[in-house]
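Work through the exercises below with the sequence and the model side by side, and try each task before reading its solution.

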Amino acid sequence: MDDQGRGPDPRPEGDPGEPSASSAGAEPRPLPYEGVWRFTASAVDASVPQARHAVRDLLYRQGVPVSDDLAQGLLLIVSELVTNAVRHAAVLSPVLAVEVAVGAEWVRVSVEDNHPYRPTALEADHARTGGRGLLLVREITREAGGICDVEHTAGGGKVIWAALPLKPVRVP
């Protein structure tokens with residue numbers, strides 16, 4: 001990603017029809033909390049809380065202006081996406097990648113694995129105890145005014161991401 005998390009568009013590759021920030025002139029100076037961080041983890045159950053804690057600590061350490069509600073939503077999204085990768089992709093993808101990208105106006109979390117299956121958010125079967133993770137991710141994202149998607153990677157795997165708008169916390 002060329003913009004290192006800056007700019008108005010939270011999509012991983014930006015909209016192909018839009019000019020890039022660099023073609024419009026000088027790039028705006030990044031805020032102290034802007035950037036892209038990526039880490040890998042084994043596709044095992046223990047990686048779920050580790051990923052959640054790593055993202056929480058990153059947001060805090062970088063001083064990202066997230067409200068408590070937004071932070072909790074992001075951490076739940078990370079938990080659901082990593083859990084899905086562990087449960088459904090570990091056979092073909094023993095390692096997964098978690099990425100956090102923070103721009104001036106948004107924060108995006110994504111989980112990438114090497115399994116080619118592209119999941120869809122299915123209707124909830126109220127008799128089942130599982131299978132609602134992507135529905136939950138989409139609902140949290142929608143309520144926050146964000147966007148989420150599933151995309152294929154060049155290597156044949158997939159990346160599932162959710163981007164939520166940053167709303168600076170007002171200090172009383």
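Strands (E, at least two residues) and helices (H or I, at least four) are DSSP runs numbered from the N terminus, and two strands pair if DSSP finds at least two bridges between them. The model is predicted, so that local features need pLDDT of at least 70, side-chain atom pairs count only at pLDDT 80 or more, and totals for chains, interfaces and linings use all residues. Residues are numbered from 1 along each chain as its sequence is written, and side-chain values use heavy atoms, with hydrogens and water left out.

**Exercise 1.** Establish the strand order of the sheet and find its edges.

Solution. Begin with the order, which is β1-β2-β3-β5-β4 in an open sheet of five strands with antiparallel pairing. Next, look at the ends: β1 (35-42) and β4 each have a single partner strand, so one side of each is left without a neighbour in the sheet.

**Exercise 2.** Describe how β4 is connected to β5.

Solution. First, trace β4 (residues 147-152) and β5 (residues 158-165), which run antiparallel and are joined by six bridges. Then locate His-152, which stands opposite Lys-158 in β5. Finally, inspect the hairpin turn, where five residues lie between the two strands and Gly-156 has a positive phi of about 95°.

**Exercise 3.** Determine which strands helix α2 and helix α3 lie across.

Solution. Taking contact as heavy atoms within 4.5 Å, one finds α2 (residues 68-89) across β2, β3 and β5, whereas α3 (residues 133-143) lies across β4 and β5.

How values were computed
Axes fitted to C-alpha atoms, helices over the stretch in contact; angles between N-to-C directions.
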